[in-house]
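User: Please take a close look at empty space in this model, and tell me what surrounds it. I would like one connected account that I can follow along the sequence.

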Amino acid sequence: MMFSLKMVSPPPPTPIFGRQWQITANGDGFPKFLPKEVKDIKDPFARALAQRIVRIPVPLQMGNFRGCVMSSCIKPTILLPDKSPVVLLHCFDSSCLEWRRAYPLLEQACLETWAIDVLGWGFSDLQKLPPCDAASKRHHLFELWKTYIKRPMILVGPSLGATVAVDFTATYPEAVDKLVLINANAYSEGTGALKDLPKSIAYAGVKLLKSFPLRLLANVLAFSSPLSENIDWTNIGRLHCQMPWWEDAMVNFMISGGYNVASQIKLINHKTLVVCSENDQIVSNQLSVKLLCELQNAVFREVPDSGHLPHVENPKQFVKLISDFSSGKLN
């Protein structure tokens, strides 16, 4: 199957499942809830996907929080009740815009595809902030799945998103049909000593994390792209940091201890595709091999000519893997 990466006009967002979606847009087509800096993004795929971001109400009861979170995501344009939907998570402190280049190709491959912002990141409405620890992120994803998706999914997680996927699958195995773990950061031991920082120091650290120079450095490590492209991709990657609640959510996650899922990996018996990149400078390929050995039912593939995020740098090859894995062609 051949995929062509070309610009097409995104279909107008329409309600599905009889639910109310928050899709109010500005005159330029971007949802009003996105930071104004979205207008400065040059990447046409990011601009097109940003126009499709909606918010959906997800019930959540965690800690002292009771209510609905208006949760940001990209909803599918096709519904295939007889096939497992593909549900895309994102990396640490990122958003659904990470899928800007792969998402159109997944639609071309006729896959029902969701791209979901993990609680505490992305573009959800968190003015009334719920807990943003690992348990809350897991429960929020489950409530979204139970409310809207309602059938076992192919859950795709890159980097820390793979950790989120392992944590979710170990807790809610009935919600997952297959797993795709990309350059998985599954052996990290939470946020370590950061959880013990005084809040004032934690907030200072979060402000540094938001800074353009640090984000640009991370992009240079992640991508082998020209500087001008890396600058634009840096602006895409930190767009969600302009949300008014972002610092509070990041500190909440940091002091919660983060994720520690190493002991859960051997519990996963779902069919799993372990993906690593040829030139990943952030997560060692040896960790992907270790993950392959510990999972009960896994296959392994390497994506050539790509760094830490193959779905951005080599989306055609990546989507071919997802398409083949979905159809059962990868064994």
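Analyst: **Empty space and its surroundings**

A search of the whole structure finds 2 cavities of 30 Å³ or more, a cavity being a set of points, on a 1 Å grid over the protein atoms alone, where a 1.4 Å probe fits but cannot get out. The model is a predicted one, in which local features need pLDDT of at least 70 and side-chain atom pairs count only at pLDDT 80 or more, while totals for chains, interfaces and linings use all residues. Residues are numbered from 1 along each chain as its sequence is written, and side-chain values use heavy atoms, with hydrogens and water left out.

The largest cavity has a volume of about 50 Å³, a volume being the space filled by probe spheres set on grid points joined across faces, edges and corners. It is lined (an atom within 4 Å of a point) by Leu89, Ile116, Asp117, Val118, Leu119, Lys137, His140, Leu141 and Val164. These residues divide into 6 nonpolar, 1 polar and 2 charged, where Ala, Val, Leu, Ile, Met, Phe, Trp, Tyr, Cys and Pro count as nonpolar, Asp, Glu, Lys and Arg as charged, and the others, Gly among them, as polar. Helix 3 gives the largest share of this lining, 3 residues; helices (H or I, at least four residues) and strands (E, at least two) are DSSP runs numbered from the N terminus.

Val164, one of the lining residues of the largest cavity, is also among the buried residues of helix 4. In helix 4, 10 of the 12 residues are buried, so the helix is largely enclosed by the rest of the structure; buried means under 20% relative accessible area with a 1.4 Å probe, protein chains only. The buried residues of helix 4 pack against helix 3 (134-149), strand 5 (153-158) and strand 6 (176-182), contact meaning heavy atoms within 4.5 Å.

The second largest cavity has a volume of about 40 Å³, and its lining consists of Leu80, Lys83, Ser84, Pro85, Val86, Cys110, Leu111 and Glu112. By class, 5 of these are nonpolar, 1 is polar and 2 are charged.

Turning to open space, the largest pocket holds about 1,000 Å³, a pocket being an open set of points with protein on both sides within 12 Å along at least five of seven lines. It is lined by 44 residues, of which Phe92, Asp93, Leu209, Arg215 and Ala218 are the closest to its centre. The lining has 26 nonpolar, 13 polar and 5 charged residues. Helix 5 (199-210), helix 6, helix 7 (227-237) and helix 8 (246-256) each supply at least two lining residues, with the largest share, 7 residues, coming from helix 6.

Which two side chains meet in a salt bridge at 2.2 Å, N to O? They are those of Arg215 and Asp93, a salt bridge being a side-chain nitrogen of Lys or Arg within 4 Å of a carboxyl oxygen of Asp or Glu. Because Arg215 lies in helix 6 (residues 212-222) and Asp93 in the loop between strand 3 and helix 2, the pair ties together parts that are 122 residues apart in sequence. Arg215 is buried, at a relative accessible area of 10%, and Asp93 is buried as well, at 2%.

Methods: Buried < 20%, exposed > 50% of the residue type's maximum accessible area, 1.4 Å probe, protein only.
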